[in-house]
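Here are my notes on the model you sent. They are set out as numbered points, to be read alongside the structure.

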Amino acid sequence: MVTARPSPGDLLVIDGRASVQFSGDRSLTFRVVSVSDQPTYHGWVWLTGYVINRRGNATTKREIFVQLAGL
């Protein structure tokens, strides 16, 4: 679990603890490129980065909205 805001370069497992949209088989491994300073709900953050496949390759660039306590 990440206790602080993620930083560019961090590799995170995003699953249902971060947001219900990533529960079950929709979980993913995510390499953070940037963390938005945009105001959000308390404890939530916008992350931009790449989905990482099982071989460790970046496959898709995404922007995701997640709970910090679930990372």
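1. I start in the middle of the sheet. Arg31 has Tyr50 as its bridge partner in strand 3. The coordinates come from a predicted model, and every point below should be read with that in mind.

2. Arg31 also serves as a reference on its other pairing: Leu11 has Arg31 as its bridge partner in strand 2. Following Leu11 to Arg31 and then Arg31 to Tyr50 is a convenient way to step across the strands on screen.

3. Now the pairings themselves. Strand 1 and strand 2, the latter covering residues 28–35, are antiparallel and share 4 bridges. Strand 2 and strand 3 also run antiparallel, and 6 bridges join them. As a reminder, strands in a sheet pair through backbone hydrogen bonds, in either a parallel or an antiparallel sense.

4. Taken as a whole, the sheet is open and has 4 strands in the order 1-2-3-4, with antiparallel pairing. Strand 1 (11–14) and strand 4 (58–67) are its edges, each pairing on one side only. From one strand to the next, the twist averages 45°.

5. How many aromatic pairs does a search of the whole structure find? The count is 2. One of them joins Trp44 and Phe65: the ring centres are 5.0 Å apart and the planes meet at 25°, so this pair is stacked. The cut-off for stacking is an angle under 30 degrees. Trp44 belongs to strand 3 (residues 44–52) and Phe65 to strand 4, so the contact ties together parts that are 21 residues apart in sequence.

6. Phe65 pairs with Trp46 as well, and that pair is tilted, with 4.8 Å centre to centre and 35° between the planes. This pair, too, links distant parts of the chain, since Trp46 is in strand 3 and Phe65 in strand 4, 19 residues apart. Through these ring pairs, Trp44, Trp46 and Phe65 are linked into a cluster.

7. Are the rings of this cluster on residues that are buried or exposed? Phe65 has 19% relative accessibility and therefore counts as buried; the limit for that class is under 20%. Trp44, at 24%, counts as partly exposed. Trp46 has 26% relative accessibility, so Trp46 is likewise partly exposed.

8. For a figure, I would suggest two views. One could show the strand order 1-2-3-4, with Leu11 and its partner Arg31 labelled. The other could show the cluster of Trp44, Trp46 and Phe65.

Technical notes. Residues are numbered from 1 along each chain as its sequence is written. This is a predicted model: local features need pLDDT of at least 70, side-chain atom pairs count only at pLDDT 80 or more; totals for chains, interfaces and linings use all residues. Side-chain values use heavy atoms; hydrogens and water are left out. Two strands pair if DSSP finds at least two bridges between them. Helices (H or I, at least four residues) and strands (E, at least two) are DSSP runs, numbered from the N terminus. Axes are lines fitted to C-alpha atoms, for helices over the stretch in contact, and angles run from 0 to 180 degrees between N-to-C directions. Rings of Phe, Tyr and Trp (its six-membered ring) pair if their centres lie within 6.5 Å; planes under 30 degrees apart count as stacked, over 60 as edge-to-face and the rest as tilted. Buried means under 20% relative accessible area, exposed over 50%, partly exposed in between (1.4 Å probe, protein chains only).
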